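Please open the model in your viewer and set it to a ribbon display. The tour below proceeds by selections, each followed by a description of what is to be found there.

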Amino acid sequence: MTSDPRLSPITQYFATRGWQPLAFQAETWAAYLAGRSGLVQVPTGSGKTYAAVMGAIAEIIAIPTTGLQLLYITPLRALSRDIEQAIKAPIEAMGWGITVESRTGDTSSARKTKQLKNMPNILITTPESLAVMLSYKDGAKRFGTLQGVILDEWHELMSSKRGTQAELCLAYLRTLQPALRTWAISATLGNLEEAAQTAVGLGTEPVIIRSNLKRDTVIKSIRPESVDAFPWAGHLGLRMFETLVEALDIEKSTLIFTNTRNQAERWYQALNFALPEEGDRIALHHGSIDVKEREAIEAGVKSGDIKWVVCTSSLDLGVDFQPVERVVQIGSAKNLARLLQRAGRSAHVPEGTSEVFFLPTNALELLEISAFRRGLEMGDMETRRPQHKPYDVLVQHLVTLACGNGFEPQKTLENVRQTVAYADLTDEEYQWILDFIENGGQCLGAYPRYKKVVRDDGLFKVSDAKLARIHRMGIGTITSNTPVKIVYTNRKEIGTVEESFVSRLNQGDVFFFAGRQLEYFQMKDMVLYVKGTRKKSTVTPTWGGGQLAISDTLSHHLRREVERVRFSLEEAAPTRLTDSSGAVSLQSAGFAVDDTRSPQPLVGAAPSNTPLKKGGRGDLANAEILTITPILEAQQRLSTLPTADELLVESCKTREGQHLYVFPFEGRFVHEGLGFLWGYRFAKQKTATFTISVNDYGFEILGPKGYPYQDLFSSDFFSLENLEDDIRASLNISELTQRKFRGVAQVAGLVFKGYPGSRKTSSQLQVSTSLLYEVFTKYEPDNLLLKQAEREVLQDQLETHRLAKTLSRLDQRSVVWKETKRPSPLAFPLLVERLNSRMSNETLLERIQRMKEQWDRK
């Protein structure tokens with residue numbers, strides 16, 4: 001299996017540890033030593049780091065050379081420490097004499113300067129740190145000895161602008177070293193061939209290596225003892241914190257994943273409230289907490305001192321936590337790959353069994369868990385697509401090359417077209433970008449700071465040292481909401497929060513952050529100074545990007561799950577399993593609730609992972625489905641449960657007006673586009689003002705009383721004709737585009753955030769980008785950056801590509817119209833979603849209770 005003599009040092013090291021190289025590891029080493037490039041897809045915690053690096057290390061040992069030999073690119077700075085330790089362990093144990101260092105945003109300036117002069121043999125870095133290195137002169141000398149590049153967690157990186165940045169940097173490195181080998185490592189991906197090609201570049205045939213390791217994932221749900229027949233988003237969640245505490249064991253190392261940082265803060269507070277005596281063994285970890293504190297938490301998990309960590313996607317990726325025995329997911333993960341990735345944090349060893357506990361925040365999420373199980377059984381996985389021609393990243397990259405030794409335009413165009421992202425970049429687009437960075441384009445020619453490059457002997461170069469310095473500081477600004485540092489008055493850093501949150505606070509306000517109660521002291525130079533306090537508060541920071549939507553893969557299985565339940569209800573016609581309150585009781589359904597409150601089937605009942613069968617009692621014996629039987633029965637009674645070939649549309653009249661509820665089960669982003677599109681198409685026929693609300697299952701259009709939705713409805717509502725024009729007309733597209741343009745302008749280097757210590761506020765940046773947006777809109781409407789901002793709104797925010805597919809799919813389904821006397825259980829969460837965004841002196845719970853009482857009286 002490892003016959004190449006160059007691999008004998010590696011097999012010797014494995015022997016000292018009592019290990020045997022796994023088949024996929026040996027296959028990757030052999031392919032690397034044969035000069036091939038490719039992608040390795042293996043489950044999390046299966047030894048992928050050693051699969052990636054040991055071939056390169058064997059080559060370095062066989063042919064000792066000074067200078068940089070291997071570049072290891074990771075998407076997260078937090079991962080670089082673990083990777084560095086993992087790579088150093090065999091080198092130090094065997095005395096191989098290979099130098100290994102990291103270079104990220106956390107590396108000191110002195111270390112970075114030293115590295116530029118004397119590169120280590122192996123360097124672990126991030127895409128932006130690599131781009132900064134390429135912006136210095138003598139790149140050919142620095143990278144001329146490079147033999148291989150590893151792209152870690154490629155599934156996470158590829159579909160982002162940082163992935164495009166990595167693509168461009170690697171394309172340039174291949175001009176310096178044509179035989180450069182590239183290996184991507186990915187844990188979970190549905191489109192492996194495209195991912196592999198994106199990593200290695202066009203013109204190279206990638207090798208795809210899969211492991212034959214079997215990693216089982218067991219999903220267990222922590223279910224409520226009873227549910228309300230009319231659920232809404234968040235009606236469970238934190239109310240079940242005692243149930244979660246009882247289901248877990250403080251002696252078992254556990255990661256508790258939430259989908260947002262705000263949710264993580266709240267759950268951390270709840271768990272500390274439930275177990276005050278265990279406060280030092282429960283920690284909070286998310287990307288806004290200061291890096292030193294995150295490092296201390298990670299070390300505490302590894303040592304076993306910290307047992308429970310409430311976290312976000314900051315711990316999704318490859319930080320190696322072998323002691324973790326259990327993973328909890330609060331709320332639906334919305335995405336099969338995300339759930340699998342998080343589940344893989346437990347049993348972080350080859351062929352281990354991943355165990356994930358699921359706690360719903362909404363009873364209907366129990367349907368999603370059944371859909372998750374089915375999707376995983378069938379081996380389905382979401383795809384990640386590379387970005388398509390983000391002009392802002394290319395503008396930044398060309399100025400980066402110009403800061404170094406300069407670039408020759410024609411050769412660089414050929415090189416850029418070797419990336420998947422820019423394969424179809426036209427000559428006209430490239431010329432526009434060159435003119436933009438040389439002359440400021442059509443509009444900015446009068447301002448010297450926008451004339452970034454000059455022609456010098458056939459090369460484009462940055463001749464102004466100040467412009468080069470400003471550009472390097474701007475590399476990596478692939479972000480939109482400005483972070484504000486949170487610091488104690490004694491200067492100890494706590495972390496960062498977005499300025500949009502801080503702008504709503506006043507001096508003396510108290511809020512929770514990083515599990516602490518903090519009082520606003522003063523704000524100065526984008527730093528918020530705070531004091532610890534015991535004053536009461538319920539304010540928790542909110543961060544952008546908090547809403548996740550179900551993926552198209554999961555939505556497919558969810559529709560099938562709803563269909564199965566409907567057939568079961570129709571055929572089985574079971575006795576209603578309710579107690580005196582009208583809610584289902586698990587005990588009355590033949591289930592016992594043990595001391596963890598996690599229902600266990602009694603003898604003779606089907607286990608919770610029994611495959612659901614079309615028709616028959618199988619569906620109702622599934623424990624999750626059994627728990628929400630009253631919801632599903634009420635839905636079938638008041639309206640219907642749609643089959644996978646039907647589109648359910650409900651209409652009902654309340655004091656608020658005429659409601660239209662539509663249930664495509666396609667995810668909130670698609671529904672947002674659909675809701676506004678249909679509202680626009682209704683209004684074109686009969687003018688009205690509509691209010692739209694959306695969730696993952698459907699959308700609501702609220703119009704005036706008596707609005708004739710059904711009379712106006714036709715197959716034209718599914719039409720793809722003039723789709724983008726209709727979406728533009730239905731939304732305030734210019735406001736959304738202007739907001740998106742801020743991020744594009746920052747990446748393209750049109751706005752400068754300021755030097756450290758005198759950072760511009762986001763309102764100042766907003767004014768700068770707003771002026772640029774107005775100038776381009778008025779005088780250069782075909783500006784490529786402007787077009788990109790609108791494309792990002794349509795494709796990323798509204799998912800128009802999925803919207804078009806959804807409309808085509810819906811056109812094939814039969815539309816089932818139902819007039820209901822009150823909102824059905826599926827419609828009710830949409831109504832609450834809208835109520836929640838309204839200001840009122842009545843609490844949300846009070847309003848919900850009042851509405852239910854009114855409907856019950858009717």
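The stops that follow visit two sheets, the helices beside them, and some cysteines. Please bear in mind throughout that this is a predicted model.

**First stop: the seven-stranded sheet**

Begin by selecting residues 100-103, which are strand S3, and residues 207-210, which are strand S7. These are the edge strands, and each of them pairs on one side only. Between these edges, the strands of an open sheet are arranged in the order S3-S4-S2-S5-S6-S1-S7. There are seven strands in this sheet, and their pairing is parallel. Looking along the sheet, one finds neighbouring strands turned against each other by 15° on average, with direction ignored.

Next, add residues 122-125, strand S4, to the selection. S3 and S4 run parallel and are joined by four bridges. To locate one residue pair, display Glu101 and its bridge partner in S4, Leu123.

**Second stop: helices on this sheet**

Select residues 127-134 to show helix H6. This helix lies across S3, S4 and strand S2 (70-73), and it runs at about 120° to S4.

Now select residues 161-176, helix H9, which packs on the sheet. H9 touches S2, strand S5 (148-151) and strand S6 (181-186). The direction of H9 makes about 170° with that of S5.

**Third stop: where H9 meets H16**

Keep H9 in view and add residues 391-403, helix H16. Their axes come within 10 Å and cross at roughly 35°. The crossing is right-handed.

Which residues of H9 meet H16? On the H9 side they are Lys161, Thr164, Gln165, Leu168, Cys169 and Tyr172. Their counterparts in H16 are Asp392, Val393, Leu394, Gln396, His397 and Leu401. Sorted by class, this contact comprises six nonpolar, four polar and two charged residues.

**Fourth stop: the cysteines**

Is Cys169 buried or exposed? Its relative accessibility is 1%, and it therefore counts as buried, the cut-off being under 20% relative accessible area. Select Cys311 as well: this residue is also buried, with a relative accessible area of 0%. A search for disulfides in the model gives a count of zero.

**Fifth stop: the five-stranded sheet**

Move on to residues 657-663, strand S24. This strand is mostly covered, as seven of its seven residues are buried. S24 belongs to an open sheet of five strands with mixed pairing, in the order S25-S26-S24-S23-S27. At its edges are strand S25 (691-694) and strand S27 (814-819), each pairing on one side only. From one strand to the next, the twist averages 20°.

Select residues 646-654, strand S23, which pairs with S24 in the antiparallel sense over seven bridges. The two strands form a hairpin with two residues between them. Within this pairing, Glu650 has Tyr661 of S24 as its bridge partner.

Add residues 699-703, strand S26, whose pairing with S24 is antiparallel over five bridges. Here the bridge partner of Leu660 is Ile701 in S26. S26 also pairs with S25 in the antiparallel sense, over four bridges. One pair to display there is Thr691 with Leu702 of S26.

**Last stop: helix H25**

Finally, select residues 668-685, helix H25, which packs on this sheet. The strands it touches are S23, S24, S25 and S26, and its direction makes about 30° with that of S26.

Key
Residues are numbered from 1 along each chain as its sequence is written. This is a predicted model: local features need pLDDT of at least 70, side-chain atom pairs count only at pLDDT 80 or more; totals for chains, interfaces and linings use all residues. Side-chain values use heavy atoms; hydrogens and water are left out. Two strands pair if DSSP finds at least two bridges between them. Axes are lines fitted to C-alpha atoms, for helices over the stretch in contact, and angles run from 0 to 180 degrees between N-to-C directions. Contact means heavy atoms within 4.5 Å. Buried means under 20% relative accessible area, exposed over 50%, partly exposed in between (1.4 Å probe, protein chains only). A crossing is left-handed if the near helix is turned anticlockwise from the far one by less than a right angle, and right-handed if clockwise. Ala, Val, Leu, Ile, Met, Phe, Trp, Tyr, Cys and Pro count as nonpolar, Asp, Glu, Lys and Arg as charged, and the others, Gly among them, as polar. A disulfide is a pair of cysteine sulfur atoms within 2.5 Å.
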